[in-house]
Amino acid sequence: MYNQTLILIQCQDAVGLVAAIAQIIAKHQLNIVTMREFVDEENKKFFLRVVCSGVPAEIPALQEDLLSNLPAQALVTINPDRQKKIVVLVTKEHHCLADILVRHFFQTLNADVKAVVGNYDSLKGFTEKFDIPYHLVSHEEKSKEQFEQELAEIIEPYQPDYIVLAKFMRILSPSFVARFENKLINIHHSFLPAFIGANPYRQAHKRGVKIIGATAHFVTNDLDEGPIIVQRTKSINHSYDVPNLVTAGKEIEKAVLSHAIQLLMEDRVMRQGNKTIVFE
């Protein structure tokens with residue numbers, strides 16, 4: 001990837017965009033390896049992710065050429081940071097954190113885990129086995145405002161590209177979400193909103209569900225309704241008791257969150273309103 005150029009574009013749709021972009025890329029002596037584009041017809045928005053072999057002599061000149069030939073207010077990003085920084089928020093459940101840290105240890109996550117922050121110390125010892133800082137920010141006997149301020153003061157010095165809520169069981173306020181806009185990623189069981197509250201797998205078992213799943217999404221002010229990045233389901237049957245449902249559910253949650261992180265690290269996700277364009 002280091003002798004390649006990645007270009008990301010978002011703009012209003014117009015006739016001839018792909019041809020114009022291809023000509024500009026060729027002018028800068030770059031060869032297109034892959035080009036994926038999508039047009040949101042309803043909103044007349046154009047999205048493109050293109051990988052080229054080679055590196056331009058002058059990236060600012062390439063960016064200026066693109067901007068001058070695209071509709072007004074276009075967003076053009078060339079070679080975003082490949083090694084993104086993430087901070088992980090946790091409560092007590094270990095399965096998603098464990099998957100992230102093991103992948104990070106073996107350098108398959110394609111991300112730099114800067115720290116883990118928890119509102120309990122349950123996962124402190126495990127995290128520190130990987131030589132990653134663990135910060136305890138208790139929510140007990142504190143207002144939501146005080147808790148979130150302490151949380152933000154821990155997170156901000158790391159300057160993360162993304163903050164991953166790996167089963168972080170706290171509802172975040174609109175002000176906190178705005179403070180880290182477009183950076184908060186959550187994982188939850190796909191029973192919502194059908195099974196709201198505690199023990200969703202027990203509720204699902206009582207209803208005799210035949211499919212379980214998980215959803216990774218951006219966090220917005222609408223609880224568990226942010227733009228979806230990845231979803232996955234698994235068919236089950238009457239033989240699954242509650243412990244088996246929980247085990248199967250955790251496996252799906254790990255896989256979905258890992259996939260979502262990988263897509264984000266590779267700059268394959270673009271947001272459009274409450275939806276995402278995912279170039280897999």
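**View 1. Helix 7 and helix 8 cross in a right-handed sense in this predicted model.** The two elements, helix 7 (residues 200-207) and helix 8, pack with their axes 9 Å apart and at an angle of about 120°. Because angles between 115 and 145 degrees fall in neither the roughly perpendicular nor the roughly antiparallel class, helix 7 and helix 8 are described as oblique to each other. On the side of helix 7 the contact involves Tyr201, Arg202 and His205, which meet Val242, Leu245, Val246, Gly249, Lys250 and Glu253 of helix 8.

**View 2. An open sheet of seven strands with mixed pairing.** The strands follow one another in the order 7-6-5-8-9-10-11. Strand 7 (134-136) and strand 11 (228-235) each have a single partner strand and stand at the edges, so that one side of each is left without a neighbour in the sheet. From one strand to the next, the twist averages 20°. Within this sheet, strand 9 (residues 184-189) and strand 10 (residues 211-218) run antiparallel and are joined by five bridges, and His189 has Ala214 of strand 10 as its bridge partner.

**View 3. Helix 3 and helix 5 against the strands.** Helix 3 (residues 95-105) packs on the sheet, where it touches strand 5 (84-90), strand 6 (111-118), strand 8 (162-165) and strand 9, and its direction makes about 150° with that of strand 6. Helix 5 (residues 144-155) lies across strand 5, strand 6, strand 7 and strand 8, and runs at about 150° to strand 5.

**View 4. The nonpolar cores.** The largest nonpolar core has 42 residues, and those with the most contacts inside it are Ile86, Val88, Ile100 and Ile229. Helix 8 (residues 242-265) supplies the largest share of this core, ten residues. A second, separate core of 18 residues includes Ile9, Leu62, Ala74 and Ile78. In soluble globular proteins, nonpolar side chains tend to be buried together. Around Val88, if its neighbours within four places in sequence are left aside, the residues in contact are Leu97, Ile100, Val113, Ala115, Val116, Val117, Val164 and Ala166.

**View 5. An open antiparallel sheet of four strands and the helices that lie across its strands.** The strand order is 2-3-1-4. At the edges stand strand 2 (31-40) and strand 4 (75-78), each with a single partner strand, so one side of each is left without a neighbour in the sheet. Neighbouring strands are turned against each other by 10° on average, with direction ignored. Strand 1 (residues 4-12) pairs with strand 3 (residues 45-53) in the antiparallel sense over nine bridges, and Gln12 stands opposite Lys45 in strand 3. Helix 1 (residues 17-27) lies across strand 1, strand 2 and strand 3, running at about 25° to strand 3, whereas helix 2 (residues 59-68) lies across strand 1 and strand 4, running at about 155° to strand 4.

**View 6. Gln159 and Asn182, two loop residues with a positive phi.** Gln159, which is not a glycine, has a positive phi of about 50° and is placed in the loop between helix 5 and strand 8. With a relative accessible area of 56%, Gln159 is exposed. Asn182, likewise not a glycine, has a positive phi of about 65° and lies in the loop between helix 6 (174-179) and strand 9. The relative accessible area of Asn182 is 41%, and this residue is therefore partly exposed.

Methods: Residues numbered from 1 in each chain as written. Predicted model: local features only at pLDDT ≥ 70, side-chain atom pairs only at ≥ 80, totals over all residues. Heavy atoms only, no water. Pairing = 2+ DSSP bridges. Axes fitted to C-alpha atoms, helices over the stretch in contact; angles between N-to-C directions. Contact = heavy atoms within 4.5 Å. Core = buried A, V, L, I, M, F, W, Y, C linked by side-chain atoms within 4.5 Å. Buried < 20%, exposed > 50% of the residue type's maximum accessible area, 1.4 Å probe, protein only. Parallel < 35°, antiparallel > 145°, perpendicular 65-115°, else oblique. Left-handed = near helix turned anticlockwise from the far one by under 90°.
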